[in-house]
Amino acid sequence: MENQVKKYTFHIHGMHCNSCILLTESELKNHALVESAVANLKTCCVEVVGRFGDKSELEITKELSPLLEKHGYKLSTEKEIKNNHWAEFRIAIPIAIGFLLLFVLLQKIGIVNLVSTGNVTYGTAFVVGIIASLSTCMAVVGGLLLSMSATFVKEDPDSTLTNHKINKIKPQILFHSGRIISFFVFGGIIGAIGSAFTLNVSATFILSLIIGIVMLLLGINLLDVFPWAKKLQPSMPKFIAKYAHEVSKFNHTLTPLLVGIATFFLPCGFTQSMQFYTLTTGTFLKGGLTMFSFALGTLPILALISFSSFSIKNSSRSGIFFKSAGLVVIMFALFNLINSLVAVGIISPFFNF
């Protein structure tokens, strides 16, 4: 009876998006006693099948929770009671307005063109990359990076300190190189595919509308006050994302490079919004540079994750940051939606950036 397989249902505290599903399932399945784990974003629950003998559900949660706590999640027998922390908006709103005014000012003086009347610029893609790297949507990439490091970097008691440092740094360099190169190449391919189609005004308008709506949902989700928003976010088909994540489990010299390449296919809404836009660029070079700029924006924070335990999600100020970031993303989304309506003549332009 002690080895009997049983199914348990636990609540997961801290889930926000489809990336959370992939990350929590992957971590739980790494436990020796767990045979399968299936998470549900709608209920914020996970069904765990395993051989835990006569342990109580409370004992099992205490055993499994450390696997998730390092990513900012918590396993519990009780449903999460959400505190929306509305008071954080008193700080987040001025920060978001200041951020927007700063970049409008930079555009006015010609340093950077972030708020475009027709296109998502490379500067916009870079800023979206920065926000994405700090958001919960990028938790899966950070988790993938840490998982790859744990698998690839093995402590050799006979190795020298110098060799150990090299063995620790080398996979990180390969990972980030693979990520940046793949985003340029695959972004270019998407752009080239777009060139094979003649996008008339209506088609361009529909794509721009989709991009704006996706960004709007991402921004609303980052605010973490509307639970329904996380159910509406589009995502990469789960089986593709799952296989992309499983690459990190292989211990081979080229594994870090392959893992970096695989991140292009992971379920990050920010990445997918950029991929949608890239389709409208119509050329390999523009598509490649758009995704390259986005990947470059994610690089600083992912590099910090590589060599430290940095995590904005676990910070005491994370609520203020996510609400500020959410408001900024919502502003970009609204600009995109308004500009799309202007482009097809539905409304008259009333922004003069």
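Select Cys45 first. Its relative accessible area is 13%, so Cys45 is buried. This is a predicted model, and every value on this tour is computed from it.

Now add Cys44 to the selection. Is Cys44 buried or exposed? Cys44 has 13% relative accessibility and therefore counts as buried.

Show the sulfur atoms of both residues. Why is there no bond from Cys44 to Cys45? The closest cysteine sulfur to that of Cys44 sits in Cys45, 7.2 Å off, which is too far for a bond. A disulfide needs the two sulfur atoms within 2.5 Å. Seen from the other side, Cys45 takes part in no disulfide, and its nearest cysteine sulfur is that of Cys44, 7.2 Å away. Searching the whole structure gives zero disulfides.

Next, switch to cartoon view and pick residues 45–50. These form strand β3. Add residues 6–13, which form strand β1. β1 and β3 run antiparallel and pair over six bridges. For a landmark on this pairing, select Thr9 and look across to β3: Glu47 stands opposite.

Stay on β1 and add residues 74–76. This is strand β4, which pairs with β1 through three bridges, again antiparallel. Which residue of β4 stands opposite His13? The residue is Lys74.

Now centre on His13. His13 lies in strand β1. With a relative accessibility of 16%, His13 counts as buried, because the cut-off for buried is under 20%.

Show what surrounds His13. Leaving out residues up to four places away in sequence, His13 touches these:

- Gly72, Tyr73 and Lys74 are among its contacts.
- Ser76 and Glu78 are also among them.
- Lys79 and Glu80 are included too.

Pick out Glu78 from that group. What does the side chain of His13 reach there? It reaches the backbone oxygen of Glu78, at 2.9 Å. Now check the C-alpha atoms of His13 and Glu78: they are 9.3 Å apart in space, with the two positions 65 residues apart in sequence numbering.

Finally, zoom out to the whole protein. The cartoon shows 12 helices and four strands. Colour by burial: of the 353 residues, 50% count as buried. Turn on the surface. The accessible area is about 17100 Å², and carbon and sulfur atoms hold 65% of that.

End with the contact map. Take contacts with a separation of 6 or more: residues 24 or more positions apart make up 77% of them. The contact of His13 with Glu78 is one to find there, as these two are 65 residues apart in sequence.

Note on methods: Residues are numbered from 1 along each chain as its sequence is written. This is a predicted model: local features need pLDDT of at least 70, side-chain atom pairs count only at pLDDT 80 or more; totals for chains, interfaces and linings use all residues. Side-chain values use heavy atoms; hydrogens and water are left out. Buried means under 20% relative accessible area, exposed over 50%, partly exposed in between (1.4 Å probe, protein chains only). Two strands pair if DSSP finds at least two bridges between them. Helices (H or I, at least four residues) and strands (E, at least two) are DSSP runs, numbered from the N terminus. Contact means heavy atoms within 4.5 Å. Accessible areas come from the Shrake-Rupley method with a 1.4 Å probe; for residues, only the protein chains shown count as cover. A polar contact is a pair of N or O atoms within 3.5 Å; within protein, one must be able to donate a hydrogen and the other to accept it, and residues adjacent in sequence count only if both atoms are side-chain atoms.
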